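Reader: Please take me through chain B closely, as one connected account. I would like to know how the chain is built up, how its parts meet, and where it touches its neighbour.

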Amino acid sequence: MILGLSEEELLEFGHNACAGCGEALAARYVMKAAGKNTIVVNATGCLEVFSTPYPQTAWKVPWIHGAFENASAIASGVDIALEKLGKRKNVNVLAFGGDGSTFDIGFQALSGMAERGHNVCYVCYDNEAYMNTGIQRSGATPKYAATTTSPAGKKVPGKTEYAKPMPFIMASHGIYVATASIAYPQDLTRKVKKALSIDGPSYIQIFNSCPLGWKHKFNLGIKIAELAYKTNIFPLYEIEKGIVTISKKPVQKTPILEYLKLQGRFKHLGEKEIKEVQESVDAKWEKLLKLEETKMGF
Amino acid sequence: MRKIIEASTAAAIGVKLSRPQVIPMYPITPQTHIVERLAEFINDGELDADMIHVESEHSAISAAIGSQATGVRTFTATASQGLALMHEILHIVSGMRLPVVMEVANRALSAPISIWNDHQDSISARDTGWIQLYVESAQEALDTVIQAFKIAEDKNVLLPAMVCLDGFTLTHVFEPVDVPSQVNVDKFLPKYKPAFCLDTKKPITMGPIAYPNSFMEFKGAEHLAMKNALKVIKETNTQFKNQFGRGYGDGLIETYRLKDAKYAVVCMGTIVGTSRVVVDKLRKQGKKVGLIKLKSFRPFPIEEILKVTKGLKAIAVADRNISLGQEGALFSEIRSALYGKSKTIVSGFIAGLGGRDVKEETIEKMFDKINNGGTIWLK
């Protein structure tokens, strides 16, 4: 055990992820929390590609990949089949998707899975764009971020919309929801364990950067994840039975500029845009505090 | 036990007798009667299965991947737009070698929207790596679904199978049906034992990425399995005949009054029944005509078609589908099977699209124009 985490690697070393890949690290932590009595259903994306180049595999648990948008539906089938086989109690079912798979193309299947109440923990590895296809804009891409399909042009400064509020949307299904970050592995694994202990659906969204897509130095992934938390642009919280609990609050708020300036995708931002991003982050944080304080349920 | 029941009920009874444990389903006309009967069987305790009420056909076939991969016999049903929505995943089911069985209540594809029968939906899924068996009657629907599980699960096949029955013209028609006993079906189709599955005690990786150095080998193995299915379908039909006293030709094709025939019509589905009547009528007039019913469209029985068409002067191929800008799919397939090996004239007829009635007169017209050698639209 190191820092309370199992030393057994269920997503083995030697896979093909890029140096500094946040998603690989996040998945490693998730698997440490889940343990080997787990079946993984993986959507198409970097994680699937870098971990299973036939005839090799990095997975030490049963693992299945179908398509981009159907991990939740496949996981629903696994859940019911385990039930029919009488194996349901001893096995965890995890569904993995990137933000494109989760926020966009697989959203319907995910909503259906949650509505039907399947005993599946869905983990969204959020790196805020379609990285596997070459950094295209997704519903999770933040406003003003430059991607290959929302480039920072002379007329339009990157993406023109804010990201979809996925954790709140999933919380509206009445299920357990948590956000987590690769900068805080103990918090992350605690949430995964909690989600898996619940008899029913759960949704965890993990902040993990992509050095290539975000154009940050390969050694800065954890630093950026830490700043995402400290600036409140990616707060860490849980929503249980509709009630928000903020996992931890930064002692002192860090200005958003500290987070933005480490990333090439935001380098075109001027004072006006930075101010707007700051105001948006502040407003969303205030709303979250209010949701926690008033125990207003989803 | 002989009963008069709707073909959808017969199809559902065939499923019940095959004991699938998971049925992911999404409703679409004219498939609904099948899944409604299955829901009743489950809720009345006659079938120990769970129905997953998914939010789309795309998720129905995806959930079927999940349950079959976990090691459970799985069934679903659809039609038309539903099958089209599944299209992407159909390739994945076969590519992962999962023997899922599906009933397709054949219906036209939009636009314009039509709820009525033709074969455009399943013909458009021709190249998805699924076995396709077309049935003529309620009895055949019941019997074929039981056989489909056995064929699909055969270790030399391991491919998914579609049982195609004409929407409305078969699904909503009442016919006398002999319902086999559960004991006999259990003997014919034993409990499902997966060749491989997701098991925490023996972890495997399913659905990896294949680079150009291995992809063709995967497809080659699938192609071989589909070819193996030709033999397995025949054997399964023989075994079924021995046990239940009923068979359907050799399992792949069936002929009717073909022995001394000079001319024959080739067709699939409910047109076969109408064609039998027309053949009888023309025979009474002294005309040497016969019928070839194609049951297995995939795999396609090339050798069997060559054998039964030997010596025929001309054949009329009836297509309830159209490859726009070309011709009917069955016509293309038959011509390709005979090319360079037969002098029989092959003529194509497009009929019955979007539920247009294919009457006795329609079939008679095919015999009238059997020597034309091209494609004629029969409205």
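Author: What follows goes from the chain as a whole to its domains, then to a sheet, and last to the contact with chain A. Everything said here refers to a predicted model.

Chain B holds 12 helices and 16 strands. Its C-alpha trace spans about 65 × 55 × 45 Å along the principal axes. For 379 residues, a compact globule would have a radius of gyration near 21 Å, and chain B agrees with that because its own value is 20 Å. Buried residues account for 55% of the 379 residues in the chain. Of the contacts in chain B between residues at least 6 apart in sequence, 80% link residues at least 24 apart.

The chain is divided into domain 1, residues 2–244, and domain 2, residues 253–377. Their C-alpha centres are 27 Å apart. Where the two domains of chain B touch, domain 1 puts in 27 residues and domain 2 puts in 20 residues. On the domain 1 side, at least two residues each come from helix H5 (120–123), strand S6 (131–134), strand S7 (161–166) and helix H8 (215–244) of chain B. H8(B) has the largest share of that side, with 5 residues. By class, the domain 1 side is made of 14 nonpolar, 8 polar and 5 charged residues.

Next comes a sheet of chain B. This is an open sheet of 6 strands, in the order S10-S12-S11-S14-S15-S16 (chain B), and its pairing is mixed. Strand S10 (253–256) and strand S16 (375–377) of chain B are the edge strands, each pairing on one side only. From one strand to the next, the twist averages 20°. In general, strands of a sheet pair through backbone hydrogen bonds, either parallel or antiparallel. Strand S14 (residues 314–319) and strand S15 (residues 345–350) of chain B run parallel and are joined by 6 bridges. One residue pair can be picked out here: B:Ile315 has B:Val346 in S15(B) as its bridge partner.

Two helices belong with this sheet. Helix H11 (residues 329–338) of chain B packs on it and touches S11, S12, S14, S15 and S16 of chain B. The direction of H11 makes about 145° with that of S14(B). Helix H9 (residues 271–284) of chain B lies across S10, strand S11 (263–267), strand S12 (289–294) and S14 of chain B. H9 runs at about 165° to S12(B).

That leaves the contact between the chains. There, 37 residues of chain B are in contact with 38 residues of chain A. On the chain B side, the elements giving two or more residues are strand S2 (22–25), strand S3 (50–53), helix H3 (57–69), helix H4 (80–95) and strand S9 (205–206) of chain B. H3(B) gives the most, with 9 residues. The chain B side as a whole has 19 nonpolar, 14 polar and 4 charged residues. The two chains also pair strand to strand: strand S2 (residues 63–65) of chain A is joined to S9(B) by 2 bridges, and the two strands run parallel. Within this pairing, A:Trp63 stands opposite B:Thr205 in S9(B).

Definitions and conventions. Residues are numbered from 1 along each chain as its sequence is written. Chains are lettered from A and ligands numbered from 1 in the order in which they are written. This is a predicted model: local features need pLDDT of at least 70, side-chain atom pairs count only at pLDDT 80 or more; totals for chains, interfaces and linings use all residues. Two residues are in contact if their C-beta atoms, placed from the backbone, lie within 7 Å. Helices (H or I, at least four residues) and strands (E, at least two) are DSSP runs, numbered from the N terminus. Ala, Val, Leu, Ile, Met, Phe, Trp, Tyr, Cys and Pro count as nonpolar, Asp, Glu, Lys and Arg as charged, and the others, Gly among them, as polar. Two strands pair if DSSP finds at least two bridges between them. The radius of gyration is taken over C-alpha atoms; the globule rule is 2.2 Å times the number of residues to the power 0.38. A residue is buried if 20 or more other C-beta atoms lie within 10 Å of its own, exposed if 12 or fewer, and partly exposed in between; C-beta atoms are placed from the backbone. Domain bounds come from an automatic or database domain assignment. Axes are lines fitted to C-alpha atoms, for helices over the stretch in contact, and angles run from 0 to 180 degrees between N-to-C directions.
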